[in-house]
Amino acid sequence: MSAVERERPPRPVAVLNKASNRDARRRNLEAALQSVYREGVTSRADIARLTGLTRATVSDLVSELVRDDLVREAGPGTSS
C-alpha cells in the first residue's frame with residue numbers, strides 16, 4: 001500500500017447511501033405522481049408499467065401519495 005492510500009480518510013458510505021436512497025425515493029415519487037397527472041385515472045399496475053418500477057414499489061409510493069393528499073383512490077377499476 002502506498003503512502004497516499006494510507007493517508008486517505010475513510011469514505012462515509014452510510015451517509016452517501018442514505019442520501020442516495022432518499023434521492024431515489026423522491027425521484028420515484030415524482031415519476032408516480034407525473035404518471036397520474038398525465039394519465040388521469042389510472043391503476044397502480046399501469047403506473048408500474050409506465051415508470052418501470054415494481055408493483056410493490058408503486059403500491060408503497062401511491063399509499064404515501066394518498067396519505068399526503070396528493071392523489072385519491074377511485075376504487076376498483078374494470079378488469080382487463
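Helices here (H or I, at least four residues) and strands (E, at least two) are DSSP runs, numbered from the N terminus. By that reading, Arg44 sits in helix α3, which covers residues 44-51. The model is a predicted one, so local features need pLDDT of at least 70 and side-chain atom pairs count only at pLDDT 80 or more, while totals for chains, interfaces and linings use all residues. Residues are numbered from 1 along each chain as its sequence is written, and side-chain values use heavy atoms, with hydrogens and water left out.

As for the overall picture, the protein has four helices and zero strands, and along the sequence the pattern reads α-α-α-α. Of the 80 residues, 16% are buried, where buried means under 20% relative accessible area, exposed means over 50%, and partly exposed is what falls in between (1.4 Å probe, protein chains only). The protein exposes about 6600 Å², with carbon and sulfur atoms supplying 51% of that area; accessible areas come from the Shrake-Rupley method with a 1.4 Å probe, and for residues only the protein chains shown count as cover. Turning to contacts (heavy atoms within 4.5 Å), residues 24 or more positions apart account for 39% of those with a separation of 6 or more.

Helix α3 is a handy place to start on the details. Its buried residues are Ala45, Ile47 and Ala48. Viewed down the axis of α3, these fall within an arc of 160°, so they line one face of the helix; the arc is taken from the directions from the helix axis to the C-beta atoms. In general, an α-helix has 3.6 residues a turn, so residues three or four places apart point the same way. Ile47 also turns up on the contact list of Ser35, a residue of helix α2 (residues 13-39). With neighbours within four places in sequence set aside, Ser35 touches Gly40, Ile47, Leu50 and Thr51. Ser35 counts as buried because its relative accessibility is 1%.

Arg44 is a different story, being partly exposed with a relative accessible area of 25%. Leaving out neighbours within four places in sequence, Arg44 is in contact with Val58, Ser59, Val62, Ser63 and Glu73. Thr54 is 10 residues from Arg44 in sequence, and the two are 9.8 Å apart in space, C-alpha to C-alpha. Between side chains, Arg44 makes a polar contact with Glu73 at 2.8 Å. Such a contact is a pair of N or O atoms within 3.5 Å; within protein, one must be able to donate a hydrogen and the other to accept it, and residues adjacent in sequence count only if both atoms are side-chain atoms.

The Arg44 and Glu73 side chains also meet in a salt bridge (2.8 Å, N to O). Glu73 lies in the segment after α4 and Arg44 in helix α3, so this pair ties together parts that are 29 residues apart in sequence. Glu73 itself counts as exposed, at 53% relative accessibility. With a salt bridge taken as a side-chain nitrogen of Lys or Arg within 4 Å of a carboxyl oxygen of Asp or Glu, the count comes to four.

Another of these salt bridges joins the side chains of Glu64 and Arg25 (2.5 Å, N to O). This pair links distant parts of the chain, with Glu64 in helix α4 and Arg25 in helix α2, 39 residues apart. Glu64 counts as buried at 17% relative accessibility, whereas Arg25 is partly exposed at 30%. Asp60 comes into play here too, since Arg25, Asp60 and Glu64 are linked in a network of salt bridges.

A more local case is the salt bridge between the side chains of Asp46 and Arg49 (2.3 Å, N to O). Both residues lie in helix α3, three residues apart, or about one turn of the helix. Asp46 counts as partly exposed at 29% relative accessibility, and Arg49 is exposed with a relative accessible area of 57%.

Two backbone angles round things off. Most residues other than glycine have a negative phi, and most peptide bonds are trans. Just after α3, Gly52 takes a positive phi of about 80°. Asp69 has a positive phi of about 60° although it is not a glycine. Asp69 belongs to the segment after α4 (55-67) and is exposed, with a relative accessible area of 69%.
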